[in-house]
Amino acid sequence: MGVNKSKSAFRSIAEVTEDLGIAPHVLRFWETKFTQIKPMKTKSSRRYYRPDDVELLALIKELLYNRRYTIEGVQKLFKNRTLKDILGTEIQKDFFEEDEPETPASNEPLIAAVQNAVNSLNEVKSELLALANA
């Protein structure tokens, strides 16, 4: 959108979908699939997304569209993890705080989650092979 907002400002669904290049119905669908996405809603059900929500949505888009994960695959990556664990940063508590300088986000939490998923899949594969050879 044309307005330059503070990094800590809430975003409307139109702003988020434009920034991410996805349709509003896709974003609403993701809200039903990922419990970590929790936009604020007004009495009239208008959604407003925190910067942390937008960052999580960008990660979900990356995993689904670029890394070719399935919805179920991303859900497994996120299972039993907090938003802080997923994003690897402290989530926003007060959107009126001063903006902090941007620091590069670490991929370590995502890499660890992917490695855990690979290890789990390898264990299941081994069990299935053992059963098939029995």
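What share of the 134 residues in the chain is buried? Buried residues come to 31% of them, where buried means under 20% relative accessible area, exposed over 50% and partly exposed in between, with a 1.4 Å probe and protein chains only. What you're looking at is a predicted model, in which local features need pLDDT of at least 70, side-chain atom pairs count only at pLDDT 80 or more, and totals for chains, interfaces and linings use all residues. Residues are numbered from 1 along each chain as its sequence is written, and side-chain values use heavy atoms, with hydrogens and water left out.

**View 1. The whole chain, with its 6 helices and 3 strands.** Going along the sequence, you'll meet them in the pattern β-α-α-β-β-α-α-α-α. Helices (H or I, at least four residues) and strands (E, at least two) are DSSP runs, numbered from the N terminus.

**View 2. The open sheet, with its strands in the order β1-β3-β2.** The pairing here is antiparallel; two strands pair if DSSP finds at least two bridges between them. At the edges sit β1 (11-12) and β2 (40-41), each pairing on one side only. Between β2 and β3 (residues 47-49) there are 2 bridges. Look for Met-40, which stands opposite Tyr-48 in β3.

**View 3. Ser-12, a residue of strand β1.** Is Ser-12 buried or exposed? Its relative accessible area is just 7%, so Ser-12 counts as buried. Leaving aside neighbours within four places in sequence, Ser-12 is in contact (heavy atoms within 4.5 Å) with Arg-46, Arg-47, Tyr-48 and Tyr-49.

**View 4. Arg-47, over in strand β3.** Arg-47 is buried too, because its relative accessibility is 18%. Which side chain does the side chain of Arg-47 make a polar contact with? That's Glu-31, at 3.0 Å. A polar contact is a pair of N or O atoms within 3.5 Å; within protein, one must be able to donate a hydrogen and the other to accept it, and residues adjacent in sequence count only if both atoms are side-chain atoms. Leaving aside neighbours within four places in sequence, the residues in contact with Arg-47 include Arg-11, Ile-13, Arg-28, Pro-39 and Lys-41.

**View 5. Leu-131, in helix α6 (residues 108-133).** Here's a residue on the outside: Leu-131 counts as exposed because its relative accessibility is 63%.
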